[in-house]
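Me: I should be grateful for a close look at a single part of this structure. Please explain its surroundings step by step, in terms suited to a first-year student.

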Amino acid sequence: MSVMRLSSAKSLLTPVRLFCAGLIALGAVMLAAGALARQAGSAAGTVHLVSLQGAIGPARAGHVVRVIERAAGETDAVIIEMDTPGGLVDAMRDINNAILASSVPVIVHVAPTGARATSAGAYILYAAHVAAMAPGSTVGAATPVTMGGAPGRPPATPDEDEEESNEPGNALEEAARQRSEPATRQAPGNDEAMRNKMVNDSVAYIRALAELRGRNGDWAERAVREGVSLTYSEAVAENVADFVAGSTTELLTLASGRTVMLGDGSEVTLALEGAAIERVEMSLPTQILTVITDPNIAFLLLNLGFIGLLVSFYNGLEPITFVAGLICIIVGLYALNTLPLNYAGAALIVLGLGLLIAEVFIASFGLLALGGVVAFAIGALMLVDTDVEGLRIDWPLVLAMSAVMGVSVLLAGSYGLAAQARKVVTGREGLTGATGTVLNWLNGAGHVLVEGERWQAVSSDDLQPGDTVKVVSVDGLTVKVKSSGRG
């Protein structure tokens, strides 16, 4: 019997052993496949991908610059996936400086489909080692724009405009003539001179980038002076972009084999096909900084801070709203400091807030508050000195906050007036007008009971105990009363 049980046990162990051996073999195969995949990936290299979506401000520019600067030794290339309406000049130059000094190739891909590289985005595209566009994307309109209108050439008559529109090359010829004969031109006004200075500087900058990367410098100059744009296919045909890529994988395939010159002057041939792509996301502090540096958020924080301080003052410097208001104001000022501010607009906002505060303490029947709201609204519209989409304070927000500020101040003023008009119920003034009962009376003087207290009283009336009296005035511990009814 024991021999039969042993034989049966062995027959059971055999399938188990086979199953375990199968699992071990499968695991080994999977480990080997993973190792081979990693080996293949490392052989093709890795690429860091960073997104540049929306208006280019200090926070987004700082994130892109950090990714480029940290790429050396960690990756074989950096891809900037860009979709931007433009941004601040300083932020754009920070990104371009990082690209120009980079020791790894930087590929700018205007993506996804329908994306745009407008204004500052065009400069970044020109600075890239490899410039690619997704189907449906556009590039151009690189004219630097500030408040007060688009700068550029001197005003022209309608006939001149029509003539020049029929001959596109005239703008470049005129620009070349202006560069070659600056001394013979009539001296422009200050505003015009500043606009020309800004445009000429931008033209020189983008032409220098075009010369460095071997791209179309003439079209770049038209993009700055005339604000022209190109579709993705036209950009490739005009030598503005290198090729069209619908996906990141296709981008790496088409970029492979191209030779680019890095920041140290060395040349490298790209071999990125099949490279592993690692998307680099913003850190939490950078995301927070991106949010608060939005002009609308910064403006909202500034207003909430002011309202918080106002509430705190009306509650006897209540600490919670005071601290919260102070924090909002400091964060709002910090965020606004990163943006191009119009100081006239800032001065109008300060004036408006001053008038609103004065309305609380000075009875002006709302005139100070009205002037304050108007100054505040105009100052807010002027505050951020740029016309770049995404870097302006939206006028609906300005109107809403102006209304909130005006209503808050009027409510506070009404509360103060109501408090002043309210009858005093404590102290000496609180007794005046109160009624009482005569307790005893002799020769024009006696004692009365007023609001539960016994007072020494005098009166010119003939009073008797039990009579009802009314307090006329208070003199020390004596009240002067008059008869208001016989008891």
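Reply: The relative accessibility of Y123 is 4%. Residues under 20% are classed as buried, and Y123 therefore counts as buried. Please note that the model is a predicted one, and that every value here is computed from it.

Y123 belongs to helix α4, which covers residues 120–127. The buried residues of α4 include the neighbours of Y123 on either side, A122 and I124. Also buried in α4 are A120, G121, L125, Y126 and A127. Eight of the eight residues of this helix are thus buried, and for that reason α4 is largely enclosed by the rest of the structure.

The side chain of Y123 also takes part in an aromatic pair. The structure holds two such pairs. In the one considered here, the ring centres of Y123 and Y205 are 6.1 Å apart, and the ring planes meet at 20°. Planes under 30 degrees apart count as stacked, so the pair of Y123 and Y205 is stacked. This pair links distant parts of the chain, for Y123 lies in α4 and Y205 lies in helix α7, which comprises residues 190–213. The two partners are 82 residues apart.

The partner ring deserves attention as well. Y205 has a relative accessibility of 13% and therefore counts as buried. Over the face of Y205 lies R93, at 3.9 Å from the ring centre.

In summary, Y123 is a buried residue of a largely enclosed helix, and its ring is stacked with that of Y205.

Notes. Residues numbered from 1 in each chain as written. Predicted model: local features only at pLDDT ≥ 70, side-chain atom pairs only at ≥ 80, totals over all residues. Heavy atoms only, no water. Buried < 20%, exposed > 50% of the residue type's maximum accessible area, 1.4 Å probe, protein only. Helix = DSSP H or I, 4+ residues; strand = E, 2+ residues; numbered from the N terminus. Phe/Tyr/Trp six-rings, centres within 6.5 Å; stacked < 30°, edge-to-face > 60°. Lys NZ or Arg CZ within 6 Å of the ring centre and 35° of its normal.
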